[in-house]
Amino acid sequence: KVEELIDLESDLHELQSETKSVCKAVVEEVLKNANEIRKVEIKLDGKIVTDKKEHYHLKFETILRYAKLYKNVMLVGESGTGKSHVSEQVAKSLKLDFRAISCTMGMSESHLLGRMNIKGEYMESDFVHVFENGGVFLFDEFDALDSNMFCVVNSALANGYLSVPNRVKNQTAKRHKDCIIIA
């Protein structure tokens, strides 16, 4: 029985060595692939718009081109798949301002259109800022909006202008040519 235990211990030691070798090879392959992902070089209008030190979503190039071409992009996917992060990367790659809002059923129009402060001064929202000045605006959790808020967003995207009733001096915001909306 002692000899069997010694043989078993020897087999176990050999198996552990093989397992370590396989694990090391797998880790090396994953790191090699991660470095390949990191080396993504995407050109847009003849200029490289990616950073070799950053990881990019597999669909980044497609999303970037749609954003540049169509100005409105809807991303659908499970939680944690990188939709918000890739939106920020699009802005960075296009050298545009990035702003976002997390949509909820209880969100009011002032979240999108701005509001008056206690002194009676108009406080611009991030959405109005990007809409008029350019940039990438992310409607995170867009499907959580209620129907009233959908009307505000739809009007802006369909018409190219937005009614800003709290801004007394200029109640119409016109969409900037570099305004990109991602939902």
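Is R167 buried or exposed, and what is its relative accessible area? Keep that one in mind, everyone; we'll come back to it with the salt bridges. One reminder before we start: this is a predicted model.

Let's begin with the sheet. Four strands make an open sheet, ordered β3-β10-β7-β4, with parallel pairing. Its edges are β3 and β4, residues 98-102, and each of them pairs on one side only. Walking across, β3 and β10 run parallel and are paired over two bridges. N72 has I181 as its bridge partner in β10. Next, β7 and β10 are parallel too, joined by four bridges, and here F137 is partnered with I181 in β10. Finally, β4 and β7 pair in the parallel sense over five bridges, with R99 finding its bridge partner F137 in β7.

Now look at β10 by itself. In a regular strand, side chains alternate between the two faces of the sheet. In β10, C179 and I181 point one way while I180 and I182 point the other way, and all are buried.

At the β3 edge, let's stop at V73. This residue sits in strand β3, residues 72-73. V73 counts as buried because its relative accessible area is 11%, and the cut-off for buried is under 20%. Which residues does V73 contact, leaving aside neighbours within four places in sequence? They are I63, Y66, A67, I181, I182 and A183. The A183 contact spans a good stretch of chain: V73 and A183 are 110 residues apart in sequence, yet their C-alpha atoms are 6.3 Å apart in space.

Y66 turns up again on the surface. Together with L69 and Y70, Y66 makes a nonpolar surface patch of about 370 Å². Y70 belongs to helix α2, residues 60-70, and is exposed, at a relative accessible area of 51%.

On to the inside. In soluble globular proteins, nonpolar side chains tend to be buried together. Here the largest nonpolar core has 23 residues, and the ones with the most contacts inside it are L112, F127, F139 and L162. At least two residues of this core come from each of α4 (109-113), α5 (126-133), β7 (135-140), α6 (147-159) and β10 (179-182). If you'd like one residue to click on, take F139: setting aside residues up to four places away in sequence, F139 touches I101, C103, L112, F127, V153, I181, I182 and A183. There is also a second, separate core of 18 residues, and L44, F60, L64 and L94 are among them.

S93 touches two of those names. S93 is in helix α3, residues 83-93, and is buried at 6% relative accessibility. Beyond residues up to four places away in sequence, S93 touches V49, Y56, F60 and L64.

For those of you who like backbone torsions, there are two residues to check. Most residues other than glycine have a negative phi. K95, in the loop between α3 and β4, has a positive phi near 55° and is exposed at 74% relative accessibility. E141, in the loop between β7 and α6, has a positive phi near 60° and is partly exposed at 46%.

Now for the charges. How many salt bridges does a search of the whole structure find? Five. One of them stays inside a helix: R65 and E61 meet at 3.1 Å, N to O, and both lie in helix α2, four residues apart, about one turn of the helix.

Another joins D126 to R99, with the closest N and O atoms 2.8 Å apart. D126 lies in helix α5 and R99 in strand β4, so this pair ties together parts that are 27 residues apart in sequence. Both partners are partly exposed, D126 at 35% and R99 at 23%. D97 joins in as well, since D97, R99 and D126 are linked in a network of salt bridges.

And so to the opening question. E132 forms a salt bridge with R167, the closest N and O atoms being 2.7 Å apart. E132 lies in helix α5 and R167 in the loop between β8 (161-163) and β9 (172-174), so the pair ties together parts 35 residues apart in sequence. R167 is buried, with a relative accessible area of 11%. Thanks, all!

Terms used. Residues are numbered from 1 along each chain as its sequence is written. This is a predicted model: local features need pLDDT of at least 70, side-chain atom pairs count only at pLDDT 80 or more; totals for chains, interfaces and linings use all residues. Side-chain values use heavy atoms; hydrogens and water are left out. Patches are made of residues with over 30% relative accessible area and no salt bridge: like charges are joined within 9 Å, nonpolar side chains (Val, Leu, Ile, Met, Phe, Trp, Tyr) within 5 Å. Accessible areas come from the Shrake-Rupley method with a 1.4 Å probe; for residues, only the protein chains shown count as cover. A salt bridge is a side-chain nitrogen of Lys or Arg within 4 Å of a carboxyl oxygen of Asp or Glu. Buried means under 20% relative accessible area, exposed over 50%, partly exposed in between (1.4 Å probe, protein chains only). Contact means heavy atoms within 4.5 Å. A nonpolar core is a set of buried Ala, Val, Leu, Ile, Met, Phe, Trp, Tyr and Cys residues joined through side-chain atoms within 4.5 Å. Two strands pair if DSSP finds at least two bridges between them.
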